[in-house]
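Reader: I am new to this structure. Please take me through one part of it closely, and set that part in its surroundings.

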Amino acid sequence: MPTNAGPFAILWPAFALAALTFAVAVRMMFVRIGEMRRLRIHPQKVAVSAQAAQHFVDTRAADNFRNLFEMPVLFHVALLVAFVTSSANGASIALAWLYVACRVGHSIIHCGYNRVMHRFYAFASSVAVLLALWIVLGCALAAHST
């Protein structure tokens, strides 16, 4: 995404991460429905998370879906702060796209072969990028405040 795409450029990574979240939700739905049919699990038997943990075998997509509502909340807030304060710049837009790329990698690993250390490296990278994004935004806000 070009950095000269106007004031809305900072919002496109949020849409991309939302698309990833919806994609993982669809995957979770197909995995869960498939397991419920295959293992003959009545829907009422998985009405709460404790019951679901006892009955479902493959929880990768559900676990990843939950993860997409943890640290990414700080990402979405950062992009809104950047947009509302007109603090977005080339660095923040690039970092936002890099964060999305890290989260896509994390989701592919988590929903796929799920190698813990690979997943950890993707997660740690995304946290570092998110921290850098907040630092860049903080500096931009400080520069606007003076």
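Author: What follows is a look at the largest pocket, then at the chain around it and at three single residues.

This is a predicted model, where local features need pLDDT of at least 70, side-chain atom pairs count only at pLDDT 80 or more, and totals for chains, interfaces and linings use all residues. Residues are numbered from 1 along each chain as its sequence is written, and side-chain values use heavy atoms, with hydrogens and water left out.

Start with the pocket. A pocket is an open set of points on a 1 Å grid over the protein atoms alone, where a 1.4 Å probe fits, with protein on both sides within 12 Å along at least five of seven lines. Lining residues have an atom within 4 Å of a point. The largest pocket holds about 170 Å³ of space; the volume is what probe spheres set on the points fill. Its lining runs from Arg32 through Val46, Ala47, Val48, Ser49, Ala52, Ala53, Phe56, Thr59, Ala62 and Asp63 to Arg66. Two helices, H2 (49-55) and H3 (60-67), each give at least two residues to that lining.

Now the chain. It has 6 helices and 0 strands. Helices are DSSP runs of H or I with at least four residues, strands are runs of E with at least two, and numbering goes from the N terminus. The C-alpha trace spans about 65 × 30 × 25 Å along its principal axes. Of the 146 residues, 33% are buried. Buried means under 20% relative accessible area, exposed means over 50%, and partly exposed lies in between, with a 1.4 Å probe and protein chains only. Contact means heavy atoms within 4.5 Å. Among contacts with a separation of 6 or more, 76% join residues 24 or more positions apart.

Next, the single residues. Ser126 sits in helix H6 (residues 116-145). Ser126 counts as buried because its relative accessible area is 1%. Beyond its neighbours within four places in sequence, Ser126 touches Tyr99, Cys102 and Arg103.

Two loop residues remain. Arg40 is in the loop between helix H1 (12-38) and H2. Arg40 is not a glycine, yet has a positive phi of about 55°. At 75% relative accessibility, Arg40 is exposed. Asn114 lies in the loop between helix H5 (90-111) and H6. Asn114 also has a positive phi of about 55° without being a glycine. Its relative accessibility is 24%, so Asn114 is partly exposed.
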